Structures are given as C-alpha cells and as structure tokens.
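Biologist: Could you take me through this model while I have it open? I will jump between topics, if that is all right.

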Amino acid sequence: MTIYQNIVAAKKENKKLLAILIDPDKTAIEQISDLVIKINQSPATHIFIGGSIVEQVSIDALIRELKKECQLPILIFPGHPSQISQEADGLLFLSLLSGRNPDYLIEHHINSVELLKNSVLEIIPTGYILIEGGKETAVQRVSQTLPIEKDNIELAFKTAKAGEYLGKKLIYLEAGSGAATPVPTDMITYISSNLNIPLIVGGGIRDLNTIDTIFEAGADLVVIGTAFENDSNFFTPLC
C-alpha cells in the first residue's frame, strides 16, 4: 500500500498515528544516530521533515542518515519548494487554506512542478489550516497570513470541508511550531466528525496527556515537533 492508503486504512481501523517533525535547521547530522534511537523507541509511525524557514542545504544528507537506521516513512513537510528532497518517501503538498497569500495557495506549487514531475515521491495533496495558538508563530510570520481564531469553529470547519471538496486528501490543523496552546479539542471533534478524509493535528503539544486528548477528540495523526526537539526523551515513559 502507499503511505496515503496506510493512513486511510488506519483511520478506518481507528488506529492512531504519530509523526515526529524534524526541522533540518535545528538538527545536525552528528545528532541523527542518537535521535534515531529515540525515534525507534517511540510510538512514532511517520517522520516529517521541514520547517517554515530552512536555510541549510543538507536535507538530502539528513534523510539519507535517517534511513540508515530507521524504517519509518519520511515525508517532506515543505515551507518552500527549495525544501523538496528526492531522498524522502513522500511529500505533503500543502495549500495554506486559512490564508489568502497566493504564494502559499498556488504559487509555490507551480514552482515545484519541475522538481516533482519526474519524481518518485508520493505526493499527497494536503489542506493546511493555521489555528490561533496564543502567540505569533513562524508559519504566520513567513506566510504573512493570520490564523483562524481558536473559538471560530464554524470557519475552521468550513475551511476544512472546502479543502475536502477541492480534492485534498488530508486536512492538517496547525497551531504552529512553539504555539502556546494546541488546537482546541472541541474544534478537532467538530471537524473530524464532519470530514471523510484523515485529519492531522499539530502545534503546541508539550506532553503525552495532550497527545492522548487530541487523539480522543478525533485526530487521526498527531504531529509532535518542538517538544521532542527540546527533549529526545519525551516518549520515555511509554517505552
């Protein structure tokens, strides 16, 4: 099965998935071996690679190093076409549906075509929705778009459903890297119960209990980034 087919199958079986997000700007090649040990000991099912601002040109090398010791599927989580790596297994082809900046709705996608048309990457169209997380995040600064207010469940739902109608295969609710608070559970529950495609939730998650709460609210895949980045022993209580 493809990566996407596995995600859909997991949703049908109510099997919850977990992705660890690695920011290449904050991860040195020399750290990978120790990091992979922690990833392999964690309940992670996927690895996402990327960030809003990636200045390194070593994404290819980082992924090659990861693959030496880790068998999890690796998906590019791009903030810009320059972050696309053919070393990965797949790509979340993100459209920032919550904003109105044409660069993040379609322009970067157009500029990615030359890199992707002959690629073997599995390309997964993904509707990306930024939700207010209590502080300005890198996504907000770089994309120059405002997040949807955390209490505006109706707008968040309509945006997600519009993404599904547009043919997106995944919806990603994001509070933003380092957000003060995660996406509200009542928003997750309402959106997940009214979508027919898998729902990803990330941003502002700092402990294992919050992961469980977000799963219970209806997320199919949770993304943990900053917390694992700051403490590679984040999942130790589960091991």
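**Strands, helices and annotated sites**

Modeller: Tyrosine 172 has isoleucine 200 as its bridge partner in E7. Please keep in mind that this is a predicted model.

Biologist: How many bridges join E6 to E7, and how do the two run?

Modeller: E6 and E7 run parallel, and they are joined by 4 bridges. On the sheet there packs helix H7, residues 185-192, which touches both E6 and E7 and whose direction makes about 165 degrees with that of E7.

Biologist: And what do the 8 strands form?

Modeller: They form a closed barrel with parallel pairing, in the order E1-E2-E3-E4-E5-E6-E7-E8. With direction ignored, neighbouring strands of this sheet are turned by 30 degrees against each other on average.

Biologist: Which strands does H8 lie across?

Modeller: H8 lies across E1, E7 and strand E8 (221-224), and its direction runs at about 155 degrees to that of E8. Threonine 210 is a residue of helix H8, and with a relative accessible area of 19% it is buried, although that value sits just inside the limit, because buried means under 20%. Apart from neighbours within four places in sequence, threonine 210 is in contact with Pro182 and Ile205.

Biologist: What about alanine 219, where does that lie?

Modeller: Alanine 219 lies in the loop between H8 and E8, and it counts as buried because its relative accessibility is 0%. Setting aside neighbours within four places in sequence, its contacts are Lys16, Ile188, Leu199, Val201 and Ile214. For a sense of distance, alanine 219 and serine 193 are 26 residues apart in sequence, and their C-alpha atoms are 9.8 Å apart in space.

Biologist: Switching to annotations, which residues does UniProt list for "binding site" in the stretch that starts at Tyr172?

Modeller: The unreviewed UniProt entry lists Tyr172, Leu173, Glu174, Ala175, Gly176, Ser177, Gly178, Gly203, Gly204, Gly225 and Thr226 under that name. From this set, Gly225 is taken into the lining of the second largest pocket.

Biologist: Take glutamate 174 from that list; is it buried or exposed?

Modeller: Glutamate 174 counts as buried, because its relative accessibility is 4%. It lies in strand E6, residues 170-174, and, not counting residues up to four places away in sequence, it touches Phe77, Tyr128, Ile129, Leu130, Ile131, Val183, Gly202 and Gly203.

Biologist: Gly203 is in that contact list too, so where is glycine 203 found?

Modeller: Glycine 203 is found in the loop between strand E7 (199-202) and helix H8 (208-217), and it counts as buried because its relative accessibility is 13%. With residues up to four places away in sequence left out, glycine 203 touches Glu174, Ala175, Gly176, Ala179, Thr181, Pro182, Val183 and Val223.

Biologist: Which other residues does the "binding site" annotation cover?

Modeller: Asp23 and Ser52 are covered by that UniProt annotation, again from the unreviewed entry, and Asp23 from this set is part of the lining of the second largest pocket. Aspartate 23 is placed in the loop between E1 and H2, where it counts as buried because its relative accessibility is 12%.

Biologist: You mentioned H2; which of its residues are buried?

Modeller: In helix H2, residues 32-41, the buried ones include Ile32, Leu35, Val36 and Ile39. They are on the same side of H2, because they cover an arc of only 100 degrees around the axis. In general, an α-helix has 3.6 residues a turn, so residues three or four places apart point the same way.

Biologist: And what covers the buried residues of H2?

Modeller: The cover includes strand E1 (17-22), strand E2 (46-49), helix H3 (59-69) and helix H9 (226-230).

Biologist: Last one: where does glycine 79 lie, and what does it touch?

Modeller: Glycine 79 lies in the loop between strand E3 (74-76) and strand E4 (90-96), and, not counting residues up to four places away in sequence, it touches Gly51, Tyr104 and His108. Glycine 79 is buried, because its relative accessible area is 18%. From C-alpha to C-alpha, glycine 79 and isoleucine 7 are 22 Å apart in space, and they are 72 residues apart in sequence.

Key:
Residues are numbered from 1 along each chain as its sequence is written. This is a predicted model: local features need pLDDT of at least 70, side-chain atom pairs count only at pLDDT 80 or more; totals for chains, interfaces and linings use all residues. Side-chain values use heavy atoms; hydrogens and water are left out. UniProt positions are given in the numbering used here, feature names are shortened, and annotations may be inferred rather than shown by experiment. On a 1 Å grid over the protein atoms alone, a cavity is a set of points where a 1.4 Å probe fits but cannot get out, and a pocket is an open set with protein on both sides within 12 Å along at least five of seven lines; lining residues have an atom within 4 Å of a point. Buried means under 20% relative accessible area, exposed over 50%, partly exposed in between (1.4 Å probe, protein chains only). Contact means heavy atoms within 4.5 Å. The arc is that of the directions from the helix axis to the C-beta atoms. Two strands pair if DSSP finds at least two bridges between them. Axes are lines fitted to C-alpha atoms, for helices over the stretch in contact, and angles run from 0 to 180 degrees between N-to-C directions.
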